[in-house]
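Here are some notes for a first look. Please keep the structure open while reading.

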Amino acid sequence: MTGITFEDFTPGDVIEGGPLTVTREAIVAFAREFDPQPFHLDEEAAKATLAGQLIGSGWQTAGFGMRLLQAHVFRGATSMGSPGISQLRWLRPVLPGDALRIVTKVEECRASNSKPDRGFVRFTLTVVNGRDESVMIQAFTVMFARRGADPLPPRAVTPGDPVEVIEGDDAETLLFLKQAKLGTIRDLGRHVFTPEAIIAFARDYDPQAFHLDADAARKTHFGALCASGWHTAAVWMKRLHITRQRDIALTERAGPVPQLGPSPGFRDMRWLAPVYAGDTIRYACTLLDKRESASRPGWGVATHHNTAQNQRGERVFEFTGSVFWQWDAPV
């Protein structure tokens, strides 16, 4: 039993919830694990960046949104997961001490044509701070069980055999965005999702049964303990930074290192297959487009497509993102 069903939602419903107070300690702890950029780690270091002050990672803000969604829209219960997010925008930074709440609107309810035990609900979620400023907005879809329908049997899951991930020593010169070549692919390396890490992330950001408890997960349609989609996304950021540190070390031997700034958001995030405990996921990033910023002198905006595949070569995750990137070397 999920405790929440497709029939509990009606188009036009508006559901609010919160607050959740963001602490400096939580911001820094998340950044150390997943997004170690100066403006997420230290007040003094942040002053020299585009952000100018200590701010929370956008990926953590998305996680807080998920936590509030589960508590108030799902009413503390478990959904059947999400196929993805069509668009997410980070509108303002989240600061230490911010009290976040959500305003969630039900946009559409649609029964599944192929699986009679479930339906799809499309939402728009806005995360608002204590000053009534919108800090994040996202459009996304969630699957819910149909009331009274016989559930389809859980999928058969072949557990992954965790492999030792040996960190690569490859490095590439980081270019300023003006010189960067479109179509460039950067392999970001691999990550093993352990049961302990899956559960720890879920407790903080996505406490649904199939992320929290192996026995409970086996009884759901997923068939085994699997990672939150936001965990999969946060590890993409982690792998990006690990790889970038090698690239920085190589680049600074010959000249200045271009800075990256915050991201305004992403689109077309798709969770294509579950990431199960024991799976080894390999990530990659491709530069798709670039433009010089009209509003931020010296900066540009890069558009990048990101993918992840498991040890069987199956694509499990993808999205198209954007990030502020220094346009050219200082004169």
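1. Is cysteine 285 buried or exposed? Cysteine 285 is buried, with a relative accessible area of 14%. This is a predicted model. Cysteine 226 is buried as well, at 2% relative accessibility. Neither belongs to a disulfide, because the cut-off is 2.5 Å between two cysteine sulfur atoms and the count comes to zero.

2. Start with the sheet. It is open and has ten strands. Their order is β1-β3-β4-β5-β2-β7-β10-β9-β8-β6, and the pairing is antiparallel. The edges are β1 and β6. Each of these two has a single partner strand, so one side of each is left without a neighbour in the sheet. From one strand to the next, the twist averages 20°.

3. Look next at one pairing inside that sheet. Strands β7 (residues 265-271) and β10 (residues 315-326) run antiparallel and are joined by five bridges. Arginine 270 has its bridge partner in β10, namely glutamate 318.

4. Which helix packs on the sheet? Helix α8 does. It touches β2, β5, β6, β7, β8 (280-292), β9 and β10. The direction of α8 makes about 120° with that of β6.

5. A salt bridge also connects α8 and β6. Arginine 186 pairs with aspartate 247, and their closest N and O atoms are 2.9 Å apart. Arginine 186 sits in strand β6 (residues 185-192), while aspartate 247 sits in helix α8 (residues 229-251). The pair therefore ties together parts that are 61 residues apart in sequence. Both arginine 186 and aspartate 247 are buried. They also belong to a network of salt bridges that links Glu167, Asp170, Glu172, Arg186, Arg239, Arg246 and Asp247.

6. How many salt bridges does the structure hold? The structure holds 25 salt bridges. One of them joins the side chains of arginine 24 and glutamate 43, at 2.6 Å from N to O. Arginine 24 is in helix α1 (residues 24-34) and glutamate 43 is in helix α3 (residues 43-46), so this pair ties together parts that are 19 residues apart in sequence. Arginine 24 is partly exposed, at 32% relative accessible area. Glutamate 43 is partly exposed too, at 33%.

7. Another salt bridge links aspartate 117 and arginine 118. The closest N and O atoms of this pair are 2.9 Å apart. Aspartate 117 is buried, at 3% relative accessibility. Arginine 118 is buried, at 6%.

8. Now the nonpolar interior. The largest nonpolar core has 66 residues. Within this core, Trp59, Trp230, Met269 and Phe317 touch the most other members. Phenylalanine 317 has contacts beyond its sequence neighbours, including Thr232, Ala233, Trp236, Met269, Trp271 and Leu272. Apart from the largest core lies another, of eight residues, among them Leu177, Leu260, Trp325 and Trp327.

9. Threonine 307 is worth a look. It is found in strand β9 (residues 299-309). At 17% relative accessibility, threonine 307 counts as buried, because the cut-off for buried is under 20%. Leaving aside neighbours within four places in sequence, threonine 307 is in contact with Arg282, Tyr283, Ala284, Arg315, Phe317 and Glu318.

10. Check the backbone at three places. The peptide bond from glycine 18 to proline 19 is cis, with omega near 5°. Proline 19 lies in strand β1 (residues 14-21), and β1 is an edge strand of the sheet.

11. Arginine 75 is the next place. Its phi is positive, about 60°, although arginine 75 is not a glycine. Arginine 75 lies in the loop between α4 (58-73) and β2 (84-90). At 53% relative accessibility, arginine 75 counts as exposed.

12. Where is aspartate 132? It is in the loop between β4 (118-128) and β5 (134-145). Phi of aspartate 132 is near 60°, a positive value in a residue other than glycine. Aspartate 132 is exposed, with a relative accessible area of 58%.

Key: Residues numbered from 1 in each chain as written. Predicted model: local features only at pLDDT ≥ 70, side-chain atom pairs only at ≥ 80, totals over all residues. Heavy atoms only, no water. Salt bridge = Lys/Arg side-chain N within 4 Å of Asp/Glu carboxyl O. Helix = DSSP H or I, 4+ residues; strand = E, 2+ residues; numbered from the N terminus. Buried < 20%, exposed > 50% of the residue type's maximum accessible area, 1.4 Å probe, protein only. Contact = heavy atoms within 4.5 Å. Core = buried A, V, L, I, M, F, W, Y, C linked by side-chain atoms within 4.5 Å. Pairing = 2+ DSSP bridges. Axes fitted to C-alpha atoms, helices over the stretch in contact; angles between N-to-C directions.
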